[in-house]
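Work through the following exercises with the sequence and the coordinates open. Each task is followed by a solution in steps.

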Amino acid sequence: MKTLKDLLAKDHFAANAGVELLEVSPGYARARMLVTVKHLNAGGVCQGGALFTLADLAFAAVANSHLKLTLSLNANITFLRSAHEGYVYAEATETFSHARVPFIEVRITDDEGQLVAIFTSSGYRKNEELPVETLK
């Protein structure tokens, strides 16, 4: 694996959900997912777990953007409005960069830029270097 994007592409669960990592830089990432009928719940809107998966991959990109293995300690998501078929986007920012315990916020929006959910998570950054050479 040469890049962090290559490494995260091996997240089979997120890939099978249709999550794509669009951009990654130190402390920032952007991802998207095309919501299709397979993502809809019985109420006809995007299932919360699908949105969580999108946010979690964006979190992973930001948390690991310093090229040290970082794993989630906790995560919380607040759903603000329904998402329907079409693209949803996750914009993740490291709001507190700590050597061991970073804190990251992910804002999920729909095609119209309306806020769908906010996901927050802290991670545990290990000393272990990632087997990558660069982010992109």
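**Exercise 1. Burial and overall dimensions**

Task: State what percentage of the 136 residues in the protein chain is buried, and decide whether the radius of gyration agrees or disagrees with that of a compact globule.

Solution.
Step 1. In this predicted model, buried residues account for 41% of the 136 residues in the protein chain.
Step 2. A compact globule with 136 residues would have a radius of gyration near 14 Å, and the protein chain has 14 Å, so the two agree.
Step 3. Along the principal axes, the C-alpha atoms occupy a box of roughly 45 × 25 × 20 Å.
Step 4. The accessible surface of the protein chain is about 7000 Å². Carbon and sulfur atoms hold 52% of that surface.
Step 5. The chain has 13 positive and 15 negative charges, and the mean positions of the two sets lie 5 Å apart.

**Exercise 2. Order of the elements**

Task: Count the helices and strands of the protein chain and write their pattern along the sequence.

Solution.
Step 1. The protein chain contains three helices and six strands.
Step 2. In sequence order the pattern is α-α-β-β-α-β-β-β-β.
Step 3. Take the contacts between residues at least 6 apart in sequence: 64% of them join residues at least 24 apart.

**Exercise 3. The nonpolar core**

Task: Find how many residues the largest nonpolar core has and which helix gives the most to it.

Solution.
Step 1. The largest nonpolar core has 38 residues. Those with the most contacts inside it are V19, M33, L51, L54, V88, V106 and I108.
Step 2. Helix α3, residues 48-63, gives the most to this core, with eleven residues.
Step 3. Now take M33, setting aside neighbours within four places in sequence. Its contacts include A17, G18 and V19, as well as A50, L51 and L54. G86, Y87 and V88 are also in contact with M33, and so are H39 and C46.
Step 4. A60 is another residue of helix α3. Its relative accessible area is 16%, under the 20% limit, so A60 is buried.
Step 5. A60 and E91 are 31 residues apart along the chain, and their C-alpha atoms are separated by 12 Å.

**Exercise 4. Two loop residues between β2 and α3**

Task: Classify H39 as buried or exposed, do the same for V45, and list what each one contacts beyond four places in sequence.

Solution.
Step 1. H39 is in the loop between β2 (28-35) and α3, and V45 lies in the loop between β2 and α3 as well.
Step 2. H39 has a relative accessible area of 7% and is therefore buried. V45, at 18% relative accessibility, counts as buried too.
Step 3. H39 is in contact with A17, M33, L34, V45, C46, Q47 and A50.
Step 4. V45 is in contact with H39, L40, S82, A83 and H84.
Step 5. For a distance check, V45 and F103 are 58 residues apart along the chain, with 29 Å between their C-alpha atoms.

**Exercise 5. Strand β6 and its surroundings**

Task: Classify I118 by relative accessibility, classify K126 likewise, and list which residues each one touches.

Solution.
Step 1. Strand β6 spans residues 115-129 and contains K126; I118 is found in strand β6 too.
Step 2. The partly exposed class runs between 20% and 50%. I118, at 24% relative accessibility, therefore counts as partly exposed, and K126, with a relative accessible area of 33%, is also partly exposed.
Step 3. Not counting residues up to four places away in sequence, I118 touches N76, I77, T78, L80, E105, V106 and R107.
Step 4. Under that sequence rule, K126 is in contact with K68, L69, L71 and R100.
Step 5. The C-alpha atoms of K126 and T70 are separated by 6.0 Å, with the two positions 56 residues apart along the chain. For I118 and S82, 36 residues apart along the chain, the separation is 13 Å.

**Exercise 6. A backbone angle**

Task: State where L67 lies and what its phi is near.

Solution.
Step 1. L67 lies in the loop between α3 and β3 (68-79).
Step 2. Its phi is near 65°, a positive value in a residue other than glycine.
Step 3. L67 has 21% relative accessibility and so counts as partly exposed.

Technical notes: Residues are numbered from 1 along each chain as its sequence is written. This is a predicted model: local features need pLDDT of at least 70, side-chain atom pairs count only at pLDDT 80 or more; totals for chains, interfaces and linings use all residues. Side-chain values use heavy atoms; hydrogens and water are left out. A nonpolar core is a set of buried Ala, Val, Leu, Ile, Met, Phe, Trp, Tyr and Cys residues joined through side-chain atoms within 4.5 Å. Buried means under 20% relative accessible area, exposed over 50%, partly exposed in between (1.4 Å probe, protein chains only). Helices (H or I, at least four residues) and strands (E, at least two) are DSSP runs, numbered from the N terminus. Contact means heavy atoms within 4.5 Å. The radius of gyration is taken over C-alpha atoms; the globule rule is 2.2 Å times the number of residues to the power 0.38. Accessible areas come from the Shrake-Rupley method with a 1.4 Å probe; for residues, only the protein chains shown count as cover. Lys and Arg count as positive and Asp and Glu as negative; His and the chain ends are not counted. The place of a charge is taken as NZ of Lys, CZ of Arg, CG of Asp or CD of Glu.
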